[in-house]
Amino acid sequence: MKLKKIAEILLVSFLMVACTPKVYKEAQKKQEEKVHEVVEKLAVNNAPVVLDTLGNQIPSGFIPAVNFGSRKPFYVIIHHTAQDSIQQTIKTFTLERTQVSAHYVIGRDGYLLQMLSDELRAWHAGAGKWGNITDMNSCSIGIELDNNGSEPFSEMQINTLLLLLGKLKKDYNIPTANFIGHGDIAPKRKSDPSILFPWERLARAGFGLWYDAPDALPPINFDVETALRRIGYDVSDLPAAIVAFKRHFVQQDLIPLMSSWDKCVLYNLYRKY
Ligand SMILES: [Zn+2]
(Lines give C-alpha, C1' and ligand atoms only; values in the text may rest on other atoms or scores of the structure.)
Protein backbone atom coordinates (compact mmCIF):
# COMPACT_ATOMS: atom_id res chain seq x y z
CA MET A 1 0.00 0.00 0.00
CA LYS A 2 1.35 3.40 -0.93
CA LEU A 3 2.25 5.81 1.84
CA LYS A 4 -0.26 8.33 0.50
CA LYS A 5 -3.04 5.73 0.69
CA ILE A 6 -2.09 4.90 4.28
CA ALA A 7 -2.15 8.62 5.10
CA GLU A 8 -5.63 8.86 3.59
CA ILE A 9 -6.85 5.96 5.72
CA LEU A 10 -5.38 7.61 8.80
CA LEU A 11 -7.11 10.85 7.87
CA VAL A 12 -10.50 9.21 7.45
CA SER A 13 -10.20 7.48 10.82
CA PHE A 14 -9.24 10.76 12.50
CA LEU A 15 -12.22 12.48 10.92
CA MET A 16 -14.84 9.97 12.00
CA VAL A 17 -16.35 12.34 14.56
CA ALA A 18 -19.91 11.28 15.17
CA CYS A 19 -22.72 13.70 15.89
CA THR A 20 -20.88 16.98 16.38
CA PRO A 21 -23.55 19.47 17.46
CA LYS A 22 -24.25 22.18 14.89
CA VAL A 23 -22.92 24.93 17.09
CA TYR A 24 -19.44 23.31 16.97
CA LYS A 25 -19.33 22.80 13.18
CA GLU A 26 -16.84 25.66 12.93
CA ALA A 27 -14.54 23.95 15.46
CA GLN A 28 -14.93 20.65 13.62
CA LYS A 29 -13.89 22.31 10.35
CA LYS A 30 -10.83 23.79 12.06
CA GLN A 31 -9.90 20.43 13.58
CA GLU A 32 -10.23 18.74 10.18
CA GLU A 33 -7.96 21.34 8.58
CA LYS A 34 -5.34 20.80 11.26
CA VAL A 35 -5.59 17.01 11.00
CA HIS A 36 -4.94 17.46 7.25
CA GLU A 37 -1.79 19.42 8.09
CA VAL A 38 -0.63 16.65 10.47
CA VAL A 39 -1.33 13.95 7.87
CA GLU A 40 0.56 15.89 5.18
CA LYS A 41 3.57 15.85 7.49
CA LEU A 42 3.12 12.12 8.17
CA ALA A 43 3.28 11.37 4.45
CA VAL A 44 6.71 13.01 4.08
CA ASN A 45 8.76 11.45 1.30
CA ASN A 46 11.80 13.69 1.11
CA ALA A 47 15.39 12.90 1.96
CA PRO A 48 16.38 14.31 5.36
CA VAL A 49 18.44 17.50 5.29
CA VAL A 50 21.42 17.13 7.64
CA LEU A 51 24.36 19.49 7.41
CA ASP A 52 28.00 18.67 8.20
CA THR A 53 30.23 20.97 10.26
CA LEU A 54 31.06 23.00 7.12
CA GLY A 55 27.37 23.51 6.37
CA ASN A 56 27.26 21.08 3.43
CA GLN A 57 24.38 18.65 3.15
CA ILE A 58 25.45 15.08 3.76
CA PRO A 59 24.31 12.45 1.19
CA SER A 60 20.81 11.26 2.11
CA GLY A 61 17.76 9.62 0.62
CA PHE A 62 14.23 8.40 1.30
CA ILE A 63 12.76 4.94 0.73
CA PRO A 64 9.38 4.27 2.33
CA ALA A 65 9.24 1.56 5.00
CA VAL A 66 5.85 -0.10 5.03
CA ASN A 67 5.47 -1.42 8.56
CA PHE A 68 4.34 1.13 11.14
CA GLY A 69 1.47 2.45 13.22
CA SER A 70 0.66 5.66 15.04
CA ARG A 71 2.46 6.55 18.24
CA LYS A 72 0.87 5.45 21.51
CA PRO A 73 0.55 7.61 24.62
CA PHE A 74 2.13 6.17 27.77
CA TYR A 75 1.16 8.72 30.42
CA VAL A 76 -2.23 10.04 31.57
CA ILE A 77 -2.35 13.49 33.12
CA ILE A 78 -5.38 14.47 35.17
CA HIS A 79 -6.54 18.07 35.56
CA HIS A 80 -9.38 20.01 37.08
CA THR A 81 -10.77 22.76 34.86
CA ALA A 82 -11.01 25.43 37.61
CA GLN A 83 -14.19 26.55 35.89
CA ASP A 84 -17.82 26.57 36.92
CA SER A 85 -19.32 24.67 33.99
CA ILE A 86 -18.34 22.23 31.28
CA GLN A 87 -19.64 24.75 28.72
CA GLN A 88 -16.89 27.18 29.70
CA THR A 89 -14.26 24.47 29.17
CA ILE A 90 -15.72 23.46 25.81
CA LYS A 91 -15.63 27.09 24.71
CA THR A 92 -11.98 27.38 25.78
CA PHE A 93 -10.96 24.27 23.84
CA THR A 94 -12.85 25.23 20.66
CA LEU A 95 -11.35 28.72 20.33
CA GLU A 96 -7.97 28.88 18.58
CA ARG A 97 -6.75 31.92 20.48
CA THR A 98 -6.66 30.05 23.80
CA GLN A 99 -4.02 27.59 22.50
CA VAL A 100 -5.10 24.93 25.00
CA SER A 101 -6.96 21.62 24.72
CA ALA A 102 -7.33 18.19 26.26
CA HIS A 103 -8.35 14.81 24.88
CA TYR A 104 -11.25 14.33 27.30
CA VAL A 105 -13.48 16.39 29.56
CA ILE A 106 -15.66 14.70 32.20
CA GLY A 107 -18.71 16.54 33.54
CA ARG A 108 -19.85 16.67 37.14
CA ASP A 109 -22.72 14.42 36.04
CA GLY A 110 -20.28 11.82 34.67
CA TYR A 111 -20.79 12.76 31.02
CA LEU A 112 -17.72 11.78 29.00
CA LEU A 113 -16.71 14.15 26.22
CA GLN A 114 -13.86 13.44 23.81
CA MET A 115 -12.41 16.48 22.04
CA LEU A 116 -9.34 15.09 20.30
CA SER A 117 -8.10 11.72 19.06
CA ASP A 118 -5.87 9.95 21.60
CA GLU A 119 -3.17 9.77 18.96
CA LEU A 120 -2.94 13.51 18.42
CA ARG A 121 -0.90 15.81 20.64
CA ALA A 122 -3.20 17.95 22.79
CA TRP A 123 -1.93 21.11 24.46
CA HIS A 124 -2.78 20.45 28.10
CA ALA A 125 0.50 19.97 29.97
CA GLY A 126 2.40 23.14 29.09
CA ALA A 127 5.85 23.71 30.53
CA GLY A 128 6.63 20.92 32.94
CA LYS A 129 8.86 17.97 33.67
CA TRP A 130 8.48 14.43 34.98
CA GLY A 131 11.65 12.42 35.42
CA ASN A 132 13.69 13.26 32.35
CA ILE A 133 10.68 14.01 30.16
CA THR A 134 10.32 17.68 29.34
CA ASP A 135 7.57 17.42 26.70
CA MET A 136 4.67 15.72 28.44
CA ASN A 137 2.19 16.71 25.71
CA SER A 138 3.96 14.39 23.27
CA CYS A 139 3.58 11.28 25.40
CA SER A 140 0.37 11.79 27.36
CA ILE A 141 -3.40 11.89 27.28
CA GLY A 142 -4.97 14.86 29.06
CA ILE A 143 -8.20 14.46 31.01
CA GLU A 144 -9.98 17.52 32.38
CA LEU A 145 -12.47 17.12 35.23
CA ASP A 146 -15.13 19.81 35.39
CA ASN A 147 -14.45 21.11 38.89
CA ASN A 148 -13.84 24.59 40.27
CA GLY A 149 -10.84 23.53 42.34
CA SER A 150 -12.39 23.86 45.78
CA GLU A 151 -15.35 21.47 45.59
CA PRO A 152 -15.32 17.68 46.06
CA PHE A 153 -15.25 15.54 42.90
CA SER A 154 -18.66 13.93 42.35
CA GLU A 155 -19.15 10.19 42.54
CA MET A 156 -20.56 10.08 39.00
CA GLN A 157 -17.52 11.93 37.67
CA ILE A 158 -15.03 9.62 39.40
CA ASN A 159 -16.96 6.56 38.21
CA THR A 160 -16.66 7.69 34.60
CA LEU A 161 -13.00 8.57 35.11
CA LEU A 162 -12.21 5.09 36.45
CA LEU A 163 -13.95 3.46 33.48
CA LEU A 164 -12.09 5.69 31.02
CA LEU A 165 -8.75 5.04 32.72
CA GLY A 166 -9.38 1.30 32.50
CA LYS A 167 -9.95 1.58 28.76
CA LEU A 168 -6.88 3.77 28.19
CA LYS A 169 -4.64 1.56 30.34
CA LYS A 170 -5.71 -1.47 28.33
CA ASP A 171 -5.67 0.19 24.88
CA TYR A 172 -2.19 1.67 25.28
CA ASN A 173 -0.64 -0.58 27.90
CA ILE A 174 0.03 2.40 30.18
CA PRO A 175 2.20 1.52 33.20
CA THR A 176 0.46 1.79 36.60
CA ALA A 177 2.84 4.49 37.85
CA ASN A 178 2.14 6.72 34.84
CA PHE A 179 -1.22 8.12 35.96
CA ILE A 180 -0.31 11.49 37.44
CA GLY A 181 -1.64 15.00 37.93
CA HIS A 182 -0.88 18.31 36.27
CA GLY A 183 0.41 19.64 39.59
CA ASP A 184 2.91 16.75 39.73
CA ILE A 185 4.58 17.70 36.45
CA ALA A 186 4.41 21.48 36.91
CA PRO A 187 4.77 22.06 40.67
CA LYS A 188 5.80 25.69 40.24
CA ARG A 189 2.78 26.64 38.12
CA LYS A 190 -0.10 24.25 38.69
CA SER A 191 -2.12 22.85 41.55
CA ASP A 192 -4.61 20.61 39.75
CA PRO A 193 -6.21 18.30 40.51
CA SER A 194 -6.83 19.70 43.98
CA ILE A 195 -6.06 18.15 47.36
CA LEU A 196 -9.62 16.73 47.31
CA PHE A 197 -8.87 14.42 44.38
CA PRO A 198 -9.18 10.71 45.33
CA TRP A 199 -5.71 9.50 44.31
CA GLU A 200 -5.78 6.62 46.78
CA ARG A 201 -8.99 5.27 45.25
CA LEU A 202 -7.45 5.51 41.77
CA ALA A 203 -4.31 3.70 42.94
CA ARG A 204 -6.36 0.89 44.51
CA ALA A 205 -7.99 0.46 41.09
CA GLY A 206 -4.58 0.27 39.37
CA PHE A 207 -4.06 3.86 38.25
CA GLY A 208 -1.04 5.42 39.94
CA LEU A 209 0.99 4.21 42.91
CA TRP A 210 0.15 4.53 46.60
CA TYR A 211 2.04 3.86 49.81
CA ASP A 212 1.52 0.82 52.01
CA ALA A 213 1.09 1.27 55.76
CA PRO A 214 4.64 2.50 56.45
CA ASP A 215 6.50 -0.36 58.15
CA ALA A 216 9.88 1.32 58.42
CA LEU A 217 11.23 4.69 59.40
CA PRO A 218 13.44 6.32 56.79
CA PRO A 219 17.14 5.91 57.48
CA ILE A 220 18.89 8.79 59.18
CA ASN A 221 20.54 9.90 55.93
CA PHE A 222 17.30 9.73 53.92
CA ASP A 223 17.32 12.62 51.48
CA VAL A 224 13.92 14.09 50.58
CA GLU A 225 15.18 15.80 47.43
CA THR A 226 16.72 12.61 46.03
CA ALA A 227 13.56 10.62 46.78
CA LEU A 228 11.26 13.18 45.17
CA ARG A 229 13.48 13.24 42.09
CA ARG A 230 13.41 9.42 41.89
CA ILE A 231 9.60 9.48 41.86
CA GLY A 232 9.66 11.98 39.00
CA TYR A 233 9.30 15.43 40.56
CA ASP A 234 11.18 18.42 39.23
CA VAL A 235 13.06 19.49 42.37
CA SER A 236 14.53 22.70 40.96
CA ASP A 237 12.13 24.45 43.35
CA LEU A 238 12.17 22.04 46.30
CA PRO A 239 9.37 23.67 48.38
CA ALA A 240 7.09 23.56 45.29
CA ALA A 241 7.95 19.89 44.72
CA ILE A 242 7.20 19.11 48.38
CA VAL A 243 3.79 20.79 48.13
CA ALA A 244 3.00 18.88 44.92
CA PHE A 245 4.01 15.59 46.55
CA LYS A 246 1.87 16.30 49.63
CA ARG A 247 -1.13 17.34 47.52
CA HIS A 248 -1.01 14.01 45.72
CA PHE A 249 0.23 11.48 48.25
CA VAL A 250 -0.43 12.82 51.74
CA GLN A 251 -3.48 15.08 51.30
CA GLN A 252 -3.42 16.60 54.77
CA ASP A 253 -1.86 20.04 54.42
CA LEU A 254 0.04 22.00 51.80
CA ILE A 255 2.83 23.35 53.98
CA PRO A 256 6.16 23.16 52.11
CA LEU A 257 7.83 21.23 54.92
CA MET A 258 8.14 17.48 55.43
CA SER A 259 6.79 16.17 58.75
CA SER A 260 8.03 12.80 59.99
CA TRP A 261 4.82 11.21 58.66
CA ASP A 262 5.33 12.84 55.24
CA LYS A 263 8.86 11.42 55.20
CA CYS A 264 7.58 7.93 56.06
CA VAL A 265 5.13 8.08 53.15
CA LEU A 266 7.83 9.36 50.80
CA TYR A 267 10.28 6.68 51.90
CA ASN A 268 7.66 3.99 51.35
CA LEU A 269 6.87 5.27 47.86
CA TYR A 270 10.52 5.86 47.01
CA ARG A 271 11.16 2.15 47.44
CA LYS A 272 8.43 1.34 44.90
CA TYR A 273 9.80 3.51 42.10
ZN1 LIG B 1 -4.26 21.47 34.41
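Let me start with strands E1 and E4: in this predicted model, E1, covering residues 75–80, and E4, covering residues 140–145, run parallel and are joined by six bridges. If you want one pair to find on the screen, take Tyr75, whose bridge partner in E4 is Ser140.

Now, where do these two strands sit in the sheet? They belong to an open sheet of five strands with mixed pairing, and the order across it is E3-E2-E4-E1-E5. At the edges stand E3, residues 112–114, and E5, residues 179–181, and because each has a single partner strand, one side of each is left without a neighbour in the sheet. As for the twist, neighbouring strands are turned on average by 25° against each other, if we ignore direction.

Lying across E1, E2, E3, E4 and E5 is helix H4, residues 155–172, which runs at about 175° to E4.

Stepping back to the protein chain, its secondary structure comes to nine helices and five strands, and, read along the sequence, these follow the pattern α-α-β-α-β-β-β-α-β-α-α-α-α-α. The C-alpha trace spans about 60 × 55 × 35 Å along its principal axes, and of the 273 residues, 42% are buried. If we take the contacts between residues at least 6 apart in sequence, 65% of them join residues at least 24 apart.

Finally, the surface and the charges: the chain exposes about 15400 Å², of which carbon and sulfur atoms supply 56%, while the mean positions of its 31 positive and 29 negative charges are 3 Å apart.

Technical notes. Residues are numbered from 1 along each chain as its sequence is written. This is a predicted model: local features need pLDDT of at least 70, side-chain atom pairs count only at pLDDT 80 or more; totals for chains, interfaces and linings use all residues. Side-chain values use heavy atoms; hydrogens and water are left out. Two strands pair if DSSP finds at least two bridges between them. Helices (H or I, at least four residues) and strands (E, at least two) are DSSP runs, numbered from the N terminus. Axes are lines fitted to C-alpha atoms, for helices over the stretch in contact, and angles run from 0 to 180 degrees between N-to-C directions. Contact means heavy atoms within 4.5 Å. Buried means under 20% relative accessible area, exposed over 50%, partly exposed in between (1.4 Å probe, protein chains only). Accessible areas come from the Shrake-Rupley method with a 1.4 Å probe; for residues, only the protein chains shown count as cover. Lys and Arg count as positive and Asp and Glu as negative; His and the chain ends are not counted. The place of a charge is taken as NZ of Lys, CZ of Arg, CG of Asp or CD of Glu.
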